[in-house]
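User: I would like to go through this model with you, mainly its charged side chains. Shall we begin?
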Amino acid sequence: MQRYNILWADDEIDLLKPHIMFLDKKGYDVIPVNSGSDALEKFDSENFDIVFLDENMPGMTGLETLTRIKEIRPDLPVVMITKSEEEHIMEEAIASKIADYLIKPLNPNQILLSVKKILENKRLVTEKTNLNYQQQFQQISMVVNDYLDYKGWTEIYQKLVYWELELESNQYRQMKEILEMQKMEANSNFVKYVKGNYEDWLNPNIEDKPVLSHTLLKEKVFPRLKNGTPTFFIIIDNLRFDQWKVIEPLITEFFRIEFTELYYSILPTTTAYARNAIFSGLLPLEMSMKYPDIWMNEDEEGGKNNHEEDFLARHIKRLRMDTRISYQKIKNLNQGRNLVDNIYNLAHNDLNVIVYNFVDMLSHARTEMEIIRELAPDESAYRSLTRSWFQHSPLLEIIQRIAEMDARLVITTDHGTVRVKKPFRIIGDRNTNTNLRYKIGKNLNFEEERIYYTRSPEHIHLPKVNVSSTYVFAVEDLFFAYPNNFNYYVNYYKDTFQHGGLSMEEMIIPIISLNSK
């Protein structure tokens with residue numbers, strides 16, 4: 001077991017010998033000194049893992065010594081020890097980034113607890129986390145292999161994300177590998193469940209079904225437009241549930257969470273289908289039939305999401321709602337900064353929609369730019385990059401200003417992404433779309449058993465581009481690759497984050513309602 005070095009500075013150090021002997025028996029080496037200046041001299045010849053400082057020493061005080069120590073070793077944990085309970089001393093010590101604050105007379109176990117909390121916290125937490133996951137592993141595996149409904153699958157996905165985040169800094173790679181295998185097993189069974197139930201979910205006569213893209217506004221947002229309080233509805237494109245969990249603490253500094261729920265994206269899990277469905281309140285087939293002037297089929301030239309505001313306006317009109325709305329789409333930094341400057345002007349609206357595209361751009365950049373791949377080689381780093389962006393983005397400033405308005409905030413996304421690992425051969429003609437997770441075409445050739453497909457798109461409310469259109473969806477961590485130039489294609493896209501297909505990560509996505517503090 002590792003022994004740690006403790007430097008203890010106190011002008012009455014001789015009276016603390018029983019405590020020093022107690023720590024020695026527990027495996028800690030304590031170097032005692034009588035003053036702050038002696039403590040600083042020790043830094044020239046020895047390395048320490050933690051420092052105990054008496055606040056009230058003659059000559060150089062504990063607070064003065066603390067300042068000098070932090071100049072030399074900013075990362076070194078320091079525990080301030082004092083007889084005084086004066087608030088200003090505590091505040092000054094805390095402001096100097098102390099690790100703990102103890103009041104004399106000292107209890108040996110009190111000191112031991114402080115040391116363990118600071119020096120062995122990571123090891124103890126890791127061991128406890130591993131034990132807890134091992135206990136839950138069997139339970140999760142049994143449930144995953146049992147019959148689950150859509151609510152059960154959202155609970156399983158939440159648990160898997162919870163353990164993924166808990167084990168993120170775990171030094172035991174084996175535990176992460178076990179969790180990864182469990183996620184793969186869960187995704188395999190989730191695909192089977194969706195294949196057997198997706199068509200029923202889209203049947204308006206069936207009541208027991210999840211909230212889907214096209215019912216999201218009606219069920220989760222429109223009922224909150226009341227009492228004259230402005231509501232801001234922010235869609236962060238491509239935001240997975242695990243990514244939400246890492247930015248959540250930054251938002252809850254300003255907002256209280258009313259609820260966090262998971263809903264299901266429709267297929268294909270792409271912006272053109274899922275986000276248009278959110279705004280229109282319709283499925284893609286109904287959009288293409290009811291609004292052919294603004295719906296864009298796969299074979300038509302032009303952006304597929306240029307009419308979101310029109311879809312939203314027609315949705316509200318169809319429901320005969322008397323609602324003042326605004327719509328903003330943020331695609332770059334300057335647009336984000338402009339919205340920060342003008343956000344207060346939106347306070348008079350009932351509903352303010354903000355579409356923020358950064359996470360989608362991040363996933364595409366990671367595919368196309370080597371430097372982003374280096375920065376985000378896996379899910380953990382991808383989450384970290386998302387959090388770093390959000391922390392320094394105009395979006396966080398926008399959210400802070402919304403909190404100042406005493407407004408309601410709803411945050412969601414249109415779909416998630418999955419890290420693709422295994423190529424799946426598919427053959428299509430020149431008119432087949434380029435998405436790696438779903439294909440639509442009239443002459444597609446593929447191994448039917450391994451994926452999800454339909455030759456009757458109208459059964460899952462998707463429009464036909466032509467009479468013989470087939471939709472094919474990649475499942476789990478597969479991605480489509482054409483036989484020609486196969487190896488290059490596979491090497492380029494393997495381990496990138498894609499969307500459009502069928503997986504928990506793409507389909508089970510968060511919606512959060514918040515009220516300003």
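User: Where do lysine 245 and glutamate 248 lie, and how many residues apart are they?
Analyst: This is a predicted model. In it, lysine 245 and glutamate 248 both belong to helix 10 (residues 241-251), 3 residues apart, which is about one turn of the helix. The two form a salt bridge, with the closest N and O atoms 2.9 Å apart.

User: Is glutamate 248 buried or exposed?
Analyst: Glutamate 248 counts as buried because its relative accessibility is 13%, under the 20% limit. Lysine 245, at 28%, counts as partly exposed.

User: Which residue forms a salt bridge with lysine 117?
Analyst: The partner of lysine 117 is aspartate 100, and their closest N and O atoms are 3.2 Å apart. This pair links distant parts of the chain: lysine 117 is in helix 5 (residues 108-119) and aspartate 100 in strand 5 (residues 100-103), 17 residues apart. Aspartate 100 is buried, with a relative accessible area of 15%, whereas lysine 117 is partly exposed at 44%.

User: And arginine 275, which side chain does it meet in a salt bridge?
Analyst: Arginine 275 meets aspartate 414, at 3.4 Å from N to O. Aspartate 414 sits in the loop between strand 10 (408-412) and strand 11 (418-419), and arginine 275 in helix 11 (residues 271-280), so the salt bridge ties together parts that are 139 residues apart in sequence. Both aspartate 414 and arginine 275 are buried.

User: Which residues are joined into one network by salt bridges that share partners?
Analyst: That network consists of Glu164, Glu168, Lys183, Arg240, Asp242, Arg383 and Glu505. Across the whole structure, a search finds 29 salt bridges.

User: Turning to the surface, which residues form the negative patch?
Analyst: Asp149, Glu155, Glu207 and Asp208 form a negative surface patch. Of these, glutamate 207 is found in the loop between helix 8 (173-201) and helix 9 (216-221).

User: Why does glutamate 207 count as exposed?
Analyst: Its relative accessibility is 77%, and exposed means over 50%.

User: How many positive and negative side chains does the chain have?
Analyst: There are 61 positive and 76 negative side chains, and the centres of the two sets lie 5 Å apart.

User: Finally, the overall picture: how many helices and strands are there, and what share of the residues is buried?
Analyst: The chain has 20 helices and 18 strands. Of its 517 residues, 54% are buried. The accessible surface comes to about 24200 Å², with 47% of that belonging to carbon and sulfur atoms. Along the principal axes, the C-alpha atoms fill a box of roughly 90 × 55 × 40 Å.

Methods
Residues numbered from 1 in each chain as written. Predicted model: local features only at pLDDT ≥ 70, side-chain atom pairs only at ≥ 80, totals over all residues. Heavy atoms only, no water. Patch = residues over 30% accessible without salt bridge, like charges linked within 9 Å, V, L, I, M, F, W, Y side chains within 5 Å. Areas by Shrake-Rupley, 256 points an atom, 1.4 Å probe, with all protein chains shown as cover. Salt bridge = Lys/Arg side-chain N within 4 Å of Asp/Glu carboxyl O. Lys, Arg positive; Asp, Glu negative; His and termini not counted. Charge placed at Lys NZ, Arg CZ, Asp CG, Glu CD. Helix = DSSP H or I, 4+ residues; strand = E, 2+ residues; numbered from the N terminus. Buried < 20%, exposed > 50% of the residue type's maximum accessible area, 1.4 Å probe, protein only.
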